[in-house]
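Q: Could you take me through one helix pair up close, and tell me how the two helices sit against each other?

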Amino acid sequence: MSRTALRICPLCEATCGLTLTIEGTRVTHARGDRDDVFSKGFICPKGASFGAVDADPDRLRTPLVRRDGELREATWEEAFDAVAAGIRPIVERYGPNSVGVVLGNPNVHTMAGALYPAVLLAGLGTRSVFTASTVDQMPKHVSSGLLFGDANAIPVPDLDHTDHLLLIGANPLESNGSLCTAPDFPGKLKALKARGGTLVVIDPRRTRTAKLADRHIAVRPGTDALLLAAMAQVLFAEGLTEPTPHVQGVEEVADALAEFTPEAVAAACDVEADVIRTLARELAAAPTAAVYGRIGSCTVPHGTLASWLVDVLNILTGNLDRPGGALFPQAATDRTPRPAGPGRGFALGRWHSRVSRHPEAKGELPLSALAEEIDTATEEGEPVRALLAVAANPVLSAPDGDRLDRALDSLDFMVSVDPYLNETSRHADVVLPPPPPSQSPHHDFAFNTLAVRNQVRYTRPAIPLEPGRMAETEILARLILAVTGMHGADPAAVDQMVIDQTLGKAVEEPHSPVHGRDPRELATLLTGDTGPERRLDMMLRLGPYGDGFGVRPDGLTLRKLLAHPHGLDLGPLRPRLPQPLKTRSGKVELLPQPIADDLPRLKRSLAERPDGLVLVGRRHLRSNNSWMHNVPALTGGSNRCTLHIHPEDAERLGVRDGAPVRVKGAGGEVTAPAEVTDDVRRGVVSLPHGWGHNRPGTRLSHAATDPGVNVNQLLDGRLLDPLSGNAVLNGVPVEVAPETAPGCASVTEKLTALT
């Protein structure tokens, strides 16, 4: 007999509510939850394939431990014994920085990934921390930290109320939105147009989102910051600024951007000066407007400057912190709001990587530097000798996977928390597999801080934990104990320690609703069946909508949330400044010194223009980075690993549609089928991210049938945005030639031969 259960989808940032049909212990169908307070029944192909993702036969069911050079099935006790025996001696002999930690994108999609990594890093005390952020959105964290004093204070566009939306480097019809949590992003864009609003898309590709736009600007890749700077210059030059309150440094920004006129940047951007002026004037004239930039504007040489300028435009037009503009969400598990006033600010470069001296950003080192931190000896400090990879596949997601592949093989010890034996976890000495998502609880700690409407939802496991499985929360708690010298202790002690520390600090904060109370008494009031649920209850009760442990009887608690299985609507985004600011001045600091120091580099880029083709990435609606290509229902069709190339470029280079072409970059070369299309502008080619499932020793049977190629192998990892350490993945020069050619000649040589 079948039954239904609710589940928040963990497969992308939209966080849609699902209604699952379950027969026995298997999910047989998934549809949108019409009563979900946030998604209201919307579902995408990934959510509809939840059952297939959940039941993937290649998912590991038991731990693997390397014995005699081979990974073999083991008990959980054997696995954690091996972890403790492998990691602790390295820490004790070489110090905590000799243990690297890599956190992958799926961490932000699970409760365990939100609750435990910070405890793991604090317990280890390592500075060798690498995450997917530095191949994605780190420029936005850095620019927000410098502007607002908090790297996680990221304003999002008020999609439901804006009159004018400008998207740069974003394709939400494929990505479902990113750093902007919005179920049915396509529907929201169509609603914007239906109410008479304007949609502008700046992108070198004519994406599905660009095809919906009122105006599409096919900018040259990598010049996003130049274009945005010129728009800001027009606002100043034509007296179109009406800055947001609580801002300092407006005049300084006017001076700093004075030379970035539309005429100065037009040739570099391949956008006419009059078009740039029109973009700026329309933005300023709109009743409300929001500028939103995403991965295409982050993964470029000036990613932090582009991210900064997105908010500069919102601020100069008065649209930051205004309904219909860009606002700061308020998640239910946010800390108790503190009174407005000066904070500690945000600092960059508090330490540096050992080999190339890359500065840390937000406590992280560039993922591009992981290989050299393992395989390169220096006089300063020990190399990374052991690695903990939690839901991470950097062999495919970081530049130059071949070098990283070799480096991982040289480690003294490696642990991977992953449901698959993939291109990275195949190197591990211990693999700890979490259960499928149907057997896990779900609350979106990270994505609710980026949501376009304030709401809160929680779903318990739809299916009981299968015998022999271990909850992901317990896996990470036991991992913490094993690597910090407490192996064998009760994993519940990790949650209790966090509860004790959090409540101990809360009662000492004057603005806290529990100021002066007994933390031990407060702990006894927490509800929940598990340690993670008790922690969630604590965060809800201390949060901005919480009951304050009885201070506000109508406030939010876990018990109240469980009584509303479709979630609780907490209302539209509202103006919050100056409360979110943590800068030393207590104001938005519009021209922080690191930004000012980087502007001369942007000016120099006006004279830089690659002669040949440049590469950009792309995303597919039915993919999420490297971890969904093993599901037959989500592959095929348009979800293919092909090289998009403009017809004129294809003709000049002798490239035929469907024929194999070689693409060569600084880090190596790959061969992929050509897809000739005018959806990509001239001078630009595009390969999707996350492919390359052709390495031996993996267990990804379906992905291996159509492995594609790893676009990041074209990169050698040297190109970084210096402020954030983010890898430059877009606007990278490449050479392209038909596979049948005797050599991969440069574009210049090809053109010369043809003319």
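A: Let's start with the vocabulary: angles under 35 degrees count as roughly parallel, over 145 as roughly antiparallel, 65 to 115 as roughly perpendicular and the rest as oblique. Axes here are lines fitted to C-alpha atoms, for helices over the stretch in contact, and angles run from 0 to 180 degrees between N-to-C directions. Helices are DSSP runs (H or I, at least four residues), numbered from the N terminus.

A word on the model: it is predicted, so local features need pLDDT of at least 70 and side-chain atom pairs count only at pLDDT 80 or more, while totals for chains, interfaces and linings use all residues. Residues are numbered from 1 along each chain as its sequence is written, and side-chain values use heavy atoms, with hydrogens and water left out.

Now the pair itself. Helix α20 covers residues 492-506 and helix α22 covers residues 531-542. They pack at about 15°, with their axes 9 Å apart, and therefore α20 and α22 count as roughly parallel. The crossing of α20 past α22 is left-handed, meaning the near helix is turned anticlockwise from the far one by less than a right angle.

Who touches whom? On the α20 side you'll find Asp495, Gln496, Val498, Ile499, Thr502, Leu503 and Ala506. They meet Gly531, Pro532, Arg534, Arg535, Met538 and Leu542 in α22, where contact means heavy atoms within 4.5 Å. Sorted by type, the residues of this contact are 7 nonpolar, 3 polar and 3 charged. For that sorting, Ala, Val, Leu, Ile, Met, Phe, Trp, Tyr, Cys and Pro are nonpolar, Asp, Glu, Lys and Arg are charged, and the others, Gly among them, are polar.

How values were computed. Helices (H or I, at least four residues) and strands (E, at least two) are DSSP runs, numbered from the N terminus.
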